[in-house]
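Work through the exercises below with the model open beside you. Try each task before reading its solution.

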Amino acid sequence: MKQWVFASMTAVVLGLVAIHPAARAAEKGTIEGRVFEDKDGDGIRDAGEKGLEGVKVKLSGKLKRTEETDKNGKFSFADLADGDYDVTVTLEKDWVAVKDFTAYKDLQVEGATLSDVDFALQDKADADASTDKADATST
């Protein structure tokens, strides 16, 4: 009889842990992405468009952190509790965010990995040249 009671209690406890919301709250999320040089300004990372090393990426929300991109332009913020976070790229004077893409993203983490949080940046001179070229073809 004692074995049956122990086995039943174990099954009940394991069942509660699997479905109890507090158990899911222990899962941590991650936000990861890349900052890259978007030479053609289309917002899509094409072959030959390299990641930008040493760009400061800031996380704000429940936690505040700052990371620098690695040699491939990658960044990652791990061990994030569920909640809303903002990710911002600090633009150096020679860089601009591409077209409709911004240097800021508002994200919600719910115990999962949000990957491909990418930032397309363009050298200011290239962006100005693209704008001048587009203006010349539209007139």
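The exercises cover aromatic rings, a charge over a ring, and backbone angles in this predicted model.

**Exercise 1.** Find the aromatic pairs in the whole structure and classify each.

*Solution.* A search of the whole structure gives two pairs. Start with F75 and F77. Their ring centres are 5.9 Å apart and their planes are at 55 degrees, so this pair is tilted. Planes under 30 degrees apart would count as stacked, and over 60 as edge-to-face. Next take F75 and F119. Here the centres are 6.2 Å apart and the planes at 45 degrees, so this pair is tilted. It links distant parts of the chain: F75 is in strand β4 and F119 in strand β9, 44 residues apart. Put together, the ring pairs link F75, F77 and F119 into a cluster.

**Exercise 2.** Decide whether F75 and F77 are buried or exposed.

*Solution.* Buried means under 20% relative accessible area. F75 has 4%, so F75 is buried. F77 has 0%, so F77 is buried. F119 is buried as well.

**Exercise 3.** Which charged end sits over the ring of F119?

*Solution.* Look above the ring of F119. The charged end of K105 sits there, 4.9 Å from the ring centre.

**Exercise 4.** Examine phi of D79 and of D116, then place both residues.

*Solution.* Most residues other than glycine have a negative phi. Phi of D79 is positive, near 60 degrees. D79 lies in strand β4. Its relative accessibility is 54%, so D79 counts as exposed. Phi of D116 is also positive, near 60 degrees. D116 belongs to the loop between β8 and β9. At 64% relative accessibility, D116 counts as exposed.

Key
Residues numbered from 1 in each chain as written. Predicted model: local features only at pLDDT ≥ 70, side-chain atom pairs only at ≥ 80, totals over all residues. Heavy atoms only, no water. Phe/Tyr/Trp six-rings, centres within 6.5 Å; stacked < 30°, edge-to-face > 60°. Buried < 20%, exposed > 50% of the residue type's maximum accessible area, 1.4 Å probe, protein only. Helix = DSSP H or I, 4+ residues; strand = E, 2+ residues; numbered from the N terminus. Lys NZ or Arg CZ within 6 Å of the ring centre and 35° of its normal.
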